[in-house]
Amino acid sequence: MRAASAPRRHPAGRGVARAAVLLALAALLPAAGCADAPTPQVTRPATAGPTDTALGTLDVVYLTMMVAHTEQTLEIVRLGRDRVTDPELRTLVAAIEVTEADELTTMRAWLRDAGPAATARTHDHTGHLAAPADLDRLRNAPANQVDAVLRQVLGPHQQAAADLSRAHLATANSPRVRELAGRIEQSRTAQVRLLAAPAVTGR
């Protein structure tokens, strides 16, 4: 597998830096709020082929975190999509909405198919979700500031998704979850570059 390039550091809050280690910590300690949650049964065969769909414990952790993250991505996008003025940014936001809505459907289905033990798990999402104050800032942004605020909120949010996915590539049990994590890492990293680049504004 090609080694992922070093992520671009975004001037967002410190929560993004913490996001990449959450999955590693989950392997050692129960996630906050999860101590009483049942652990899903890992049924991986001794030799797993490319069609193996069994979810390991960390696959469930990753998917659960990404479901919450993606739900918030869609919230952010919908807060800004109808007020964005830059055509290229509007196109990017529309693509993010379509792609992540589809990914959300897929991840929810995988967790549902894994059984009640997987869907019952809850996690402390502090560190990889945007703060309520950031959502309020976007919600209340004046018309001439929506584009800038959307970039400021969505950029670090997507960086957190890239960090979480990059961390999971080394711990995934299911090949299909590993493949999804790889696609998310690449797409979110590209989006962060676009959201930060002057070229996005067309000016």
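The following paragraphs lead the reader through a predicted model, from its nonpolar cores to a helix pair and two individual residues.

The interior is a suitable place to begin. In soluble globular proteins, nonpolar side chains tend to be buried together. In this model, the largest nonpolar core contains 22 residues, and the members that touch the most others are Tyr62, Leu63 and Met66. Four helices each supply at least two residues of this core: helix 2 (57–80), helix 3 (87–114), helix 6 (146–168) and helix 7 (175–196). Among the contributors, helix 2 gives the most, with nine residues. Separate from this set is a second core of 18 residues, whose members include Leu79, Val93, Ala141 and Val149.

Two of the helices that supply the largest core, helix 3 and helix 7, can next be considered as a pair. Their axes lie 12 Å apart and meet at an angle of about 160°. Because angles over 145 degrees count as roughly antiparallel, helix 3 is described as roughly antiparallel to helix 7. The crossing of helix 3 past helix 7 is left-handed. On the side of helix 3, the contact is made by Leu89, Leu92, Ile96, Glu100, Glu103, Met107 and Trp110. Helix 7 contributes Arg176, Val177, Leu180, Arg183, Ile184, Arg188, Gln191, Leu194 and Leu195 to this contact.

From the helices, attention may turn to a loop residue. Arg81 is located in the loop between helix 2 and helix 3. Its relative accessible area is 33%, so Arg81 is classed as partly exposed, since that class covers values between the 20% limit for buried and the 50% limit for exposed. When residues up to four places away in sequence are not counted, Arg81 touches Val93 and Glu97. Of these two partners, Val93 belongs to the second core, while Glu97 makes a polar contact with Arg81, side chain to side chain, at 2.5 Å. Arg81 also illustrates how the fold relates distant parts of the chain: Val146 is 65 residues away along the chain, yet the two C-alpha atoms are separated by 9.4 Å.

A final residue, Ala118, provides a contrast in exposure. Ala118 is found in helix 4, which covers residues 116–119. With a relative accessible area of 1%, Ala118 falls under the 20% limit and is therefore buried. In sequence, Ala118 and Val60 are 58 residues apart, whereas in space their C-alpha atoms are 6.2 Å apart.

Conventions: Residues numbered from 1 in each chain as written. Predicted model: local features only at pLDDT ≥ 70, side-chain atom pairs only at ≥ 80, totals over all residues. Heavy atoms only, no water. Core = buried A, V, L, I, M, F, W, Y, C linked by side-chain atoms within 4.5 Å. Buried < 20%, exposed > 50% of the residue type's maximum accessible area, 1.4 Å probe, protein only. Contact = heavy atoms within 4.5 Å. Polar contact = N/O pair within 3.5 Å; in protein donor to acceptor, adjacent residues only side chain to side chain. Axes fitted to C-alpha atoms, helices over the stretch in contact; angles between N-to-C directions. Parallel < 35°, antiparallel > 145°, perpendicular 65-115°, else oblique. Left-handed = near helix turned anticlockwise from the far one by under 90°.
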